[in-house]
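Trainee: I would like to go through this structure by question and answer. Where do we start?

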Amino acid sequence: MGSVIMQTTHKISEDFYEENFTLLAVHSSLEDYALAYAFNAILKLRLRRVKEDLDISDMISFPYFEWKDDMNHRYWTLITNTYNMEEFPESRGLFQNESAFVRYHLIPEYREVDYFLKIEEDEMSADPSVIKAILTIPEIITAYPVDISRLKSRHNLIF
């Protein structure tokens with residue numbers, strides 16, 4: 001008599017990967033290192049550039065800065081929302097040797113946002129004093145909390 005082997009398929013719900021974090025959108029013309037320096041000064045952080053970028057695909061990666069605040073049980077991450085990649089389209093004619101830049105976004109729903117500040121902590125509410133402090137930086141145009149439950153591409157923020 002043959003034995004029947006039953007296979008069980010397990011699906012891991014996306015809710016399993018939900019983390020407690022606050023996400024702030026930041027609009028600024030500052031370079032990433034200058035913004036990290038300003039955040040360190042204003043918010044008393046110690047953001048440092050991570051050696052390996054966040055890879056979204058083989059060709060697209062986003063540099064970011066991080067700091068684990070053990071005293072307050074917070075993990076801070078500053079990441080750029082845009083990546084510009086130079087491409088050389090196949091074309092013949094007048095502009096055949098010209099390159100073009102293609103812009104990719106970490107969070108495509110917020111194309112106009114320059115940076116995101118992700119704050120992982122037990123409490124999921126945005127501390128208004130953080131936004132208030134960020135807005136004191138002259139080169140910051142605006143900063144505001146993002147509702148992560150509405151993001152289609154929130155999986156890009158899990159790293």
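**Strand β9 and the aromatic pairs**

Mentor: In this predicted model, six of the six residues of strand β9 (residues 115–120) are buried, so the strand is largely enclosed by the rest of the structure.

Trainee: Which residues point the one way from β9, and which the other way?

Mentor: In a regular strand the side chains alternate between the two faces of the sheet. From β9, Tyr115, Leu117 and Ile119 point one way, and all are buried. The other way point the buried residues Phe116, Lys118 and Glu120.

Trainee: What is the bridge partner of Leu78 in β9?

Mentor: Strand β6 (residues 74–80) runs antiparallel to β9, and six bridges join the two. In β9, Leu78 has as its bridge partner Leu117.

Trainee: And what is the bridge partner of Phe21 in β9?

Mentor: Strand β1 (residues 21–28) is also antiparallel to β9, with six bridges between them. Lys118 lies over the face of Phe21, at 4.7 Å from the ring centre. The bridge partner of Phe21 in β9 is Glu120.

Trainee: How many aromatic pairs does a search of the whole structure find?

Mentor: A pair of aromatic rings is described by the distance of the centres and the angle of the planes. The search finds two.

Trainee: How many residues apart in sequence are the parts that Phe62 and Tyr83 tie together?

Mentor: The ring centres of Phe62 and Tyr83 are 6.3 Å apart and the planes are at 65°, so this pair is edge-to-face. Phe62 belongs to strand β4 (residues 61–62) and Tyr83 to strand β7 (residues 82–87), so the parts tied together are apart in sequence by 21 residues.

Notes. Residues numbered from 1 in each chain as written. Predicted model: local features only at pLDDT ≥ 70, side-chain atom pairs only at ≥ 80, totals over all residues. Heavy atoms only, no water. Phe/Tyr/Trp six-rings, centres within 6.5 Å; stacked < 30°, edge-to-face > 60°. Helix = DSSP H or I, 4+ residues; strand = E, 2+ residues; numbered from the N terminus. Lys NZ or Arg CZ within 6 Å of the ring centre and 35° of its normal. Buried < 20%, exposed > 50% of the residue type's maximum accessible area, 1.4 Å probe, protein only. Pairing = 2+ DSSP bridges.
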